[in-house]
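Please open the model in your viewer and keep the selection tool at hand. The stops below say what to pick next and what is to be found there.

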Amino acid sequence: MSQKSRPRRNFYGRLKGKSLKRSQKVYLDEDLGALSAGLVSWEDNPDRIPLDLPGLFGGKPVWLEIGFGGGEHMVHQASNNPEVGLIGAEPYINGVAMLLGKIRRAGVDNLAVHPGDVRDLFDVLPENTIDRAFLLYPDPWPKARHHRRRFVTPEHLQPLAKALKPGAIFRVATDIEDYVRQTLEEVPKHGFEWLAERPRDWRQPWDDWISTRYEQKALREGRTPHYLTFQKS
């Protein structure tokens, strides 16, 4: 297979925050490698050979969390759904370290982690293989000139739709009303149906929801969460 040409991708946002705790450095050194989803980076996989998801999770259905923050939702889902495998993508290394600590404490083993840009992961996800995806409190990029950086743009939604199986569920949670507007405008353009039938369907969280630290901050600051559920056609 001939080597593919690496696309130019600007990355916006933080890769690292305050200094890691000693325990978090241990988690990264000792645990991250064993939780790899496979060869994702362009350096490791320049031919963009698709990941072996059946081999990774033993044939289990696969869920994807895009930007897992501190990892509380991802570990919650892994603990409550041992019959599935979860892949999480998060470029913020402090969040990755927090997730690894939660994985240790919970003792779950049905997760894989990509500590980087989800676009690189999309490159190597086989088509029609992901059963569920989560986008929870993504960076809102509130300034109008930055809206093109949001996840709910064609650059991200096209490869997401390609990776999801027909009938797969895509959940989006946000406390930013303009992000709700853009999500409802853009996501259906890429082969998704919004499943809401009544106001409670976007005002009340999902039955298996765990409130994240980002949601708690939104509530403290008086912003209203919205819970949007889409299904791939």
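## Starting in the sheet

Begin by selecting residues 62-66, strand β1, together with residues 85-89, strand β2, which run parallel and are joined by five bridges. Helices and strands here are DSSP runs, numbered from the N terminus, with at least four residues of H or I for a helix and at least two of E for a strand. Within this pair, select Ile66, whose bridge partner in β2 is Ala89.

Before moving on, note that this is a predicted model, in which local features need pLDDT of at least 70 and side-chain atom pairs count only at pLDDT 80 or more, while totals for chains, interfaces and linings use all residues. Residues are numbered from 1 along each chain as its sequence is written, and side-chain values use heavy atoms, with hydrogens and water left out.

Now widen the selection to the whole open sheet of seven strands, which has mixed pairing and the order β3-β2-β1-β4-β5-β7-β6; two strands pair if DSSP finds at least two bridges between them. At the edges stand β3 (111-114) and β6 (192-194), and because each has a single partner strand, one side of each is left without a neighbour in the sheet. From one strand to the next, the twist averages 20°, where axes are lines fitted to C-alpha atoms and angles run from 0 to 180 degrees between N-to-C directions.

## Loops around the strands

Select Gly70 in the loop between β1 and α3 (72-80). Gly70 counts as buried, at 0% relative accessibility; buried means under 20% relative accessible area, exposed over 50%, and partly exposed in between, with a 1.4 Å probe and protein chains only. From Gly70, a C-alpha to C-alpha distance of 9.9 Å leads to Ile93, 23 residues apart in sequence.

Go next to the loop between β4 (130-136) and α6 (154-163), where Arg150 is found. Is Arg150 buried or exposed? Arg150 is buried, since its relative accessible area is 1%. Show the side chain of Asp178 as well, because a polar contact of 2.9 Å joins it to the side chain of Arg150. A polar contact is a pair of N or O atoms within 3.5 Å; within protein, one must be able to donate a hydrogen and the other to accept it, and residues adjacent in sequence count only if both atoms are side-chain atoms.

Tyr137 lies in the loop between β4 and α6, and this residue, other than glycine, has a positive phi near 50°. Tyr137 counts as buried, at 9% relative accessibility.

Arg48, in the loop between α1 (22-30) and α2 (53-57), is not a glycine either, yet has a positive phi of about 55°. Arg48 also counts as buried, at 4% relative accessibility.

## Towards the chain ends

Select Arg6, in the segment before α1, which is partly exposed, with a relative accessible area of 47%. Measuring from its C-alpha atom to that of Asn110, 104 residues apart along the chain, gives a separation of 31 Å.

Finish at Glu215 in helix α9 (residues 213-220), which counts as buried at 4% relative accessibility. Glu215 and Asp123 are 30 Å apart in space, C-alpha to C-alpha, and 92 residues apart in sequence.
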